[in-house]
Amino acid sequence: METTSRVGADGAPRAVTAEGTPTARRSVDGYLKAPFPWYGLDEAFTGPRWLMTVAAAADGTVQHGSTGHGEEPVVRADAGAERARFAVVVTVGSSPVRHTGDGTGVLEATTVSSAAWLAGSSLLAYTWPPQMDHTLRGEWLDQQTETAFELADDLGQAPWSTLSLPVGGVPVSFHYRESEFGWVLAGSAPDGVHIGAYGRGMSAYGLGFSVIGDIASYGG
């Protein structure tokens with residue numbers, strides 16, 4: 001996965017807390033700058049929908065972002081977080097191998113593994129053990145993030161299994177895994193965009209995905 005800069009939903013660089021959440025208000029502007037369609041849960045889901053963040057490359061091109069569904073969780077595993085029922089959909093634009101803007105390097109292509117890595121690492125932000133102090137939490141997060149990266153690099157092996165879910169009404173095979181923290185899945189839409197998702201308290205079985213017709217409907 002290539003290096004990206006963290007930006008808020010409005011596309012502007014912003015401060016990020018130690019837990020990895022944006023400090024400024026989210027808006028729809030950054031989503032509107034994406035050169036690819038955004039995916040979310042389909043119309044079968046009737047609960048709350050909310051914006052999260054988008055991320056851009058050094059040249060400002062939006063590369064991926066997330067939309068939330070259900071109860072917006074807090075960023076630590078206290079009692080409220082553990083009760084939160086949510087599913088987050090990560091949309092990753094399709095990009096081929098290409099040279100960096102300054103011509104000094106090569107950026108890797110985005111793949112299903114990119115979506116799996118983003119979903120797996122993002123889930124950790126909502127699941128760190130509350131009894132840990134700040135130093136231990138950082139070490140735990142580093143270790144678990146490295147594990148998520150390694151798992152995303154080998155989608156053909158356990159603990160991954162396959163799960164068929166509809167994307168725009170078309171059955172798509174997703175890579176799927178569960179852990180004590182929640183579930184993660186990743187696959188590719190028929191249009192080539194990569195979809196990752198993660199959640200807790202909402203079963204991944206029976207979910208469906210579709211292009212978001214009006215991203216502003218997710219609020220801000």
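Visitor: What share of the contacts in this protein, between residues at least 6 apart in sequence, join residues at least 24 apart?
Guide: That share is 57%, where a contact means heavy atoms within 4.5 Å. By the way, this is a predicted model, with local features needing pLDDT of at least 70 and side-chain atom pairs counting only at pLDDT 80 or more, while totals for chains, interfaces and linings use all residues. Residues are numbered from 1 along each chain as its sequence is written, and side-chain values use heavy atoms, with hydrogens and water left out.

Visitor: Why is Gln63 called buried?
Guide: Buried means under 20% relative accessible area, exposed means over 50%, and partly exposed is in between (1.4 Å probe, protein chains only). Gln63 has 8%, so it counts as buried. You'll find Gln63 in strand S4, residues 62-70; helices (H or I, at least four residues) and strands (E, at least two) are DSSP runs, numbered from the N terminus. Across the 220 residues of the protein, 48% count as buried.

Visitor: And what makes Gln157 partly exposed?
Guide: Its relative accessibility is 47%, so Gln157 falls between the two cut-offs. Gln157 sits in the loop between H4 and strand S8 (161-167). Pro159 is in the loop between H4 and S8 too, and a cis peptide bond, with omega about 15°, joins Ala158 and Pro159. Most peptide bonds are trans.

Visitor: How do you know that Asp42 has no salt bridge?
Guide: A salt bridge needs a side-chain nitrogen of Lys or Arg within 4 Å of a carboxyl oxygen of Asp or Glu. For Asp42, the nearest side chain of opposite charge is Arg49, 6.0 Å away. Lys and Arg count as positive, Asp and Glu as negative, and His and the chain ends are not counted; the place of a charge is NZ of Lys, CZ of Arg, CG of Asp or CD of Glu. Asp42 is buried, yet it has no salt bridge. Arg49 is still one of the residues Asp42 touches, not counting residues up to four places away in sequence.

Visitor: What makes Glu146, Glu150, Asp153 and Asp154 a patch?
Guide: Patches are made of residues with over 30% relative accessible area and no salt bridge, with like charges joined within 9 Å and nonpolar side chains (Val, Leu, Ile, Met, Phe, Trp, Tyr) within 5 Å. Take Glu150, in helix H4 (residues 134-152): its relative accessibility is 49%, so it is over the 30% cut-off and counts as partly exposed. Together, these four residues form a negative surface patch.

Definitions and conventions: Accessible areas come from the Shrake-Rupley method with a 1.4 Å probe; for residues, only the protein chains shown count as cover.
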